[in-house]
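Me: I have a chain to look over and would like to go through it step by step. Please keep the answers short and end each one on what I asked for.

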Amino acid sequence: MVHHGRVAGSSSKRGRQTVRDMILSMLAVGVVGFFGYLFIPHEGGDGVHVVDYRSALASAKRAAPYPVLGPQGLSEQWRATSVEYRKDGKGNAVWHLGFVTPSGQYAAVEQSNGTRDDVIDTVVPGGRPDGSAPVAGQDWQRFQGTKYRGLATPAGTATTVVTGSASYDELAQLAAALK
């Protein structure tokens, strides 16, 4: 009987030691992880992934059936985040260049040789005329949509719309930089 008491006593004590040891091990791993997090370098900033659009712009200028526009002279506070040249479902050439503006909003240059109304409906959903704005000596029509606003050029070989959640002033800055 004494033998059975020792086995039962050791077994009970060992179970408590296992839980205690597991908690201590988890604390040790947590402390190591915390210090590793503190001393491993992290990417700074706001998580915006900046892209270099210059080569895509050059390629689009060669391929597009209209003069593709890109900004010149914007400050470094304008950070390009997306770029694309493609054919849409109707076979139209579509150029897109998206930015985070100095105020942290979104702005994009959208061009297409599709119909002006189709382009505006696509890039400024729910867009309704909202007056006009002078940009670099030319009147651009303003559109206010459900999520975005936009500035559109008069029709030419392609429709150009500068759109986004940015203010009309920031959109005008981007539009004025297009060459």
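The questions and answers below go through this predicted model.

Me: How many helices and strands does the chain have, and in which pattern along the sequence?
Reply: The model is predicted, so the elements are those of a computed structure. The chain has four helices and seven strands. Read along the sequence, they follow the pattern α-α-β-β-β-α-β-β-β-β-α.

Me: In which order do the strands sit in the sheet?
Reply: Seven strands form an open sheet, and their pairing is antiparallel. From one strand to the next, the twist averages 20 degrees. The order is S1-S2-S3-S7-S6-S5-S4.

Me: Which strands stand at the edges of the sheet?
Reply: The sheet is open, with the order S1-S2-S3-S7-S6-S5-S4. An edge strand has a single partner, so one of its sides is left without a neighbour in the sheet. That fits strand S1 (79–87) and strand S4 (128–135).

Me: What is the bridge partner of His 96 in S3?
Reply: Strand S2 covers residues 93–100 and strand S3 covers residues 106–112. The two run antiparallel and are joined by seven bridges. In S3, the partner of His 96 is Glu 110.

Me: Which residue takes a positive phi in the hairpin of S4 and S5?
Reply: S4 and S5 run antiparallel, joined by six bridges. One of the bridge pairs is Arg 128 with Gln 144 in S5. The hairpin has two residues between the strands. The residue with a positive phi, near 50 degrees, is Ala 136.

Me: What angle does the direction of helix H3 make with that of S7?
Reply: Helix H3 (residues 116–123) packs on the sheet. It touches S3, strand S5 (138–144), strand S6 (149–152) and strand S7 (159–164). With the direction of S7, its own direction makes about 15 degrees.

Me: Is Thr 159 buried or exposed?
Reply: Thr 159 lies in strand S7. Leaving aside neighbours within four places in sequence, its contacts include Glu 110, Ser 112, Gly 114 and Val 119. Its relative accessible area is 4%, and the cut-off for burial is under 20%. Thr 159 is therefore buried.

Me: What distance separates the C-alpha atoms of Thr 159 and Asp 117?
Reply: Thr 159 is a residue of strand S7. Thr 159 and Asp 117 are 42 residues apart along the chain. Their C-alpha atoms are separated by 9.0 Å.

Me: Which residue forms a salt bridge with Asp 118?
Reply: Asp 118 lies in helix H3 and is partly exposed, at 34% relative accessible area. Its partner sits in the loop between S1 and S2, so the pair ties together parts that are 28 residues apart in sequence. That partner is exposed, at 63%. The closest N and O atoms are 3.0 Å apart, and the residue is Lys 90.

Me: What is the N to O distance in the salt bridge of Asp 130 and Arg 142?
Reply: Asp 130 is in strand S4 and Arg 142 in strand S5, twelve residues apart. Asp 130 is partly exposed at 31% relative accessibility. Arg 142 is also partly exposed, at 23%. The N to O distance is 3.5 Å.

Me: How many salt bridges does a search of the whole structure find?
Reply: Side chains of opposite charge can pair when their charged atoms come close. One of the pairs is Arg 20 with Asp 21, at 3.6 Å from N to O. Asp 21 counts as partly exposed, at 39% relative accessibility. For the whole structure, the search finds five.

Me: What is the area of the nonpolar surface patch that includes Tyr 37?
Reply: Tyr 37 has its place in helix H1 (residues 2–39). At 54% relative accessibility, Tyr 37 counts as exposed. The patch is made by Val 31, Phe 34, Phe 35, Tyr 37, Leu 38 and Phe 39. Its area is about 680 Å².

Me: What percentage of the residues in the chain is buried?
Reply: The accessible surface of the chain comes to about 11,100 Å², and 57% of that belongs to carbon and sulfur atoms. The chain has 179 residues. The buried ones make up 32%.

Key. Residues are numbered from 1 along each chain as its sequence is written. This is a predicted model: local features need pLDDT of at least 70, side-chain atom pairs count only at pLDDT 80 or more; totals for chains, interfaces and linings use all residues. Side-chain values use heavy atoms; hydrogens and water are left out. Patches are made of residues with over 30% relative accessible area and no salt bridge: like charges are joined within 9 Å, nonpolar side chains (Val, Leu, Ile, Met, Phe, Trp, Tyr) within 5 Å. Accessible areas come from the Shrake-Rupley method with a 1.4 Å probe; for residues, only the protein chains shown count as cover. A salt bridge is a side-chain nitrogen of Lys or Arg within 4 Å of a carboxyl oxygen of Asp or Glu. Buried means under 20% relative accessible area, exposed over 50%, partly exposed in between (1.4 Å probe, protein chains only). Two strands pair if DSSP finds at least two bridges between them. Axes are lines fitted to C-alpha atoms, for helices over the stretch in contact, and angles run from 0 to 180 degrees between N-to-C directions. Contact means heavy atoms within 4.5 Å.
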